[in-house]
Amino acid sequence: MADLPLAELDAFAAVAQSQSFRAAAKLRGVSASSLSDALRRLEARLGVRLLNRTTRSVSLTEAGERLLQRLKPGLLEIEAALDAINSVRDTPVGRLRLNVPGIVAHAILPDIAARFLALYPGITLEVATNDALIDINGEGFDAGVRYEEALQADMIAVPIGPRVQRYVGAAAPAYLAEHGAPKHPRDLLAHHCILHRFASGRVLSWSFEEEGREFTILPPARVVAETTALEVALAIRGLGVIFTFEEFLAPGLASGALVPVMEDWTQSFSGPFLYYNSRRHMPQPLKTFVEFLKAEHRRGP
């Protein structure tokens, strides 16, 4: 057993599942070069290449695929065994790895994380911000946060944050003085608009509801960006109409730098959920976080 390269095998599994040395290193809290060295030692020990590496991608060889499939159950058992020790401590310790969308990182998680970490100082929180749908287990996360329409059927979901959020429109006073205020979604076709593009390349259309029927439009864009902070800043500078989460616009609306538009067309929707795999061992930090969220939800606002 002393000769068993557990650290190297764990490094291999992390890189194989992330398909990226950089992403795996970030999750493990180590350098990408240390993972690369561990992989080279493991391949030299086994006498076979496990990963195909290029400057742009990492992929499994046939041998690597076979090894990963055999390793997964064993590594999960080791993780569960170590976590069982954690469960008998007075206070839990360990890492809680979350993947959350930008709005949650900006407006919801900070207060929740501050209260949670104050109660459990032995837990380290690691957060990655990503608006795309990902395989949380394959990417090495304990849980993710997404909205109801994006949750998969085999996941357990627990409410986190406000149970109702709103998508609202706004523009700068100077813009409205020059162009007038839109009253109906069709009016937006004659306005400059500030749109959001996801990392996947998809530009977010704007959805509205009229007499129980939902419809979407993709208005003409003056600005298309991938960073909400930039989009809001440009709206404040008068470049066009913006529709986004109310939390992003709240400071500008409160200060008067932005003015609400089309308030009759504000969209309300269910708040986000923490989700995790129902078939995977639940590490103690995640279990503690879920219990914390459930207790907060029972207490209410």
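What percentage of the 301 residues of the protein count as buried? In this predicted model, the share is 42%.

**Overall architecture**

The protein contains 9 helices together with 15 strands. Its C-alpha trace extends over about 75 × 50 × 35 Å along the principal axes. Among the contacts with a separation of 6 or more, 72% involve residues 24 or more positions apart.

**Surface and charge**

The area exposed by the protein is about 16,200 Å², of which carbon and sulfur atoms supply 53%. The side chains include 32 positive and 34 negative ones, and 5 Å separates the centres of these two sets.

The global values are collected below.

| Property of the protein | Value |
|---|---|
| Residues counted as buried | 42% of 301 residues |
| Contacts (separation of 6 or more) between residues 24 or more positions apart | 72% |
| Exposed area supplied by carbon and sulfur atoms | 53% of about 16,200 Å² |

**The surroundings of E210**

E210 belongs to strand β9, which covers residues 206–210. Is this residue, E210, buried or partly exposed? E210 counts as partly exposed because its relative accessibility is 31%, a value that falls between the 20% limit for buried and the 50% limit for exposed.

When neighbours within four places in sequence are set aside, E210 is in contact with H184, F215 and W265. One of these partners, W265, stands 55 residues from E210 along the chain, yet the C-alpha atoms of the two residues are 8.5 Å apart. E210 of strand β9 thus combines partial exposure with a contact to W265.

Terms used: Residues numbered from 1 in each chain as written. Predicted model: local features only at pLDDT ≥ 70, side-chain atom pairs only at ≥ 80, totals over all residues. Heavy atoms only, no water. Helix = DSSP H or I, 4+ residues; strand = E, 2+ residues; numbered from the N terminus. Buried < 20%, exposed > 50% of the residue type's maximum accessible area, 1.4 Å probe, protein only. Contact = heavy atoms within 4.5 Å. Areas by Shrake-Rupley, 256 points an atom, 1.4 Å probe, with all protein chains shown as cover. Lys, Arg positive; Asp, Glu negative; His and termini not counted. Charge placed at Lys NZ, Arg CZ, Asp CG, Glu CD.
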